[in-house]
Amino acid sequence: MPQTIVITGASSGIGQELCNQFLELGYNVVGTARRLEALGPETTQFLPVRCDVKHRTDAQALLDHTLSKFGAIDIFVANAGISNPVEGTQFDAAAFEAIFQTNVMGAVYGFEAVLPHMLT
C-alpha cells in the first residue's frame, strides 16, 4: 500500500514540485492551498484540499479529508508560507503578525492535527 504524504502550500513553488515528485514515486499525495482551483483535479492518487493553514479548524478539516480518502498520514510537510517585504522605514506590526500566523502557527496547527494519527 502506498504511503500518504500531506504537503501544505502546494499551489506553486516548492510545494507544487514536491507534489509532482512524490506522485511520480507512487505516493498518495494530499496537496493544500488557500485556492482549491490552483491545485488541479482529484485523482485516485492525488487529493486537493482547500486549507488556509493560519486557521486551526482548516488543519482539522485537512486531517479529516485525508483520513477519509487514504486512511492514514505517513509524512507531513509544513511548506505553506507567505512573505511581505517592506522598507525598514515602513514597518507594520500587522503584516508581521499575518506572516507569523501563517508561517509559524500554520505549521503548529498542522502538526497538532496530524501527529496523534502519525504516532499510532
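At 10% relative accessibility, D52 counts as buried, and in this predicted model D52 is the acidic partner of K54 in a salt bridge whose closest N and O atoms are 3.2 Å apart. K54, by contrast, is partly exposed at 29% relative accessibility, so the contact joins a lysine of intermediate accessibility to an aspartate that falls under the 20% limit for burial.

This pair belongs to a set of four salt bridges that a search of the whole structure finds. Another of them is formed by R56 and E112, whose side chains meet at 2.8 Å, N to O. Because R56 lies in helix α2 and E112 in helix α3, which spans residues 93–118, the pair ties together parts that are 56 residues apart in sequence. Both ends of this link are partly exposed, R56 with a relative accessible area of 48% and E112 with one of 40%.

Helix α2, which covers residues 56–70, also contains K69, and K69 forms a salt bridge with E42 in which the closest N and O atoms are 2.9 Å apart. E42 is located in the loop between β2 (28–33) and β3 (46–50), so here the contact ties the helix to a part of the chain 27 residues away in sequence. K69 is partly exposed, with a relative accessible area of 29%, and E42 is likewise partly exposed, with a value of 48%.

Taken from the side of helix α2, then, R56 links this helix to helix α3, while K69 links it to the loop between β2 and β3.

How values were computed
Residues numbered from 1 in each chain as written. Predicted model: local features only at pLDDT ≥ 70, side-chain atom pairs only at ≥ 80, totals over all residues. Heavy atoms only, no water. Helix = DSSP H or I, 4+ residues; strand = E, 2+ residues; numbered from the N terminus. Buried < 20%, exposed > 50% of the residue type's maximum accessible area, 1.4 Å probe, protein only.
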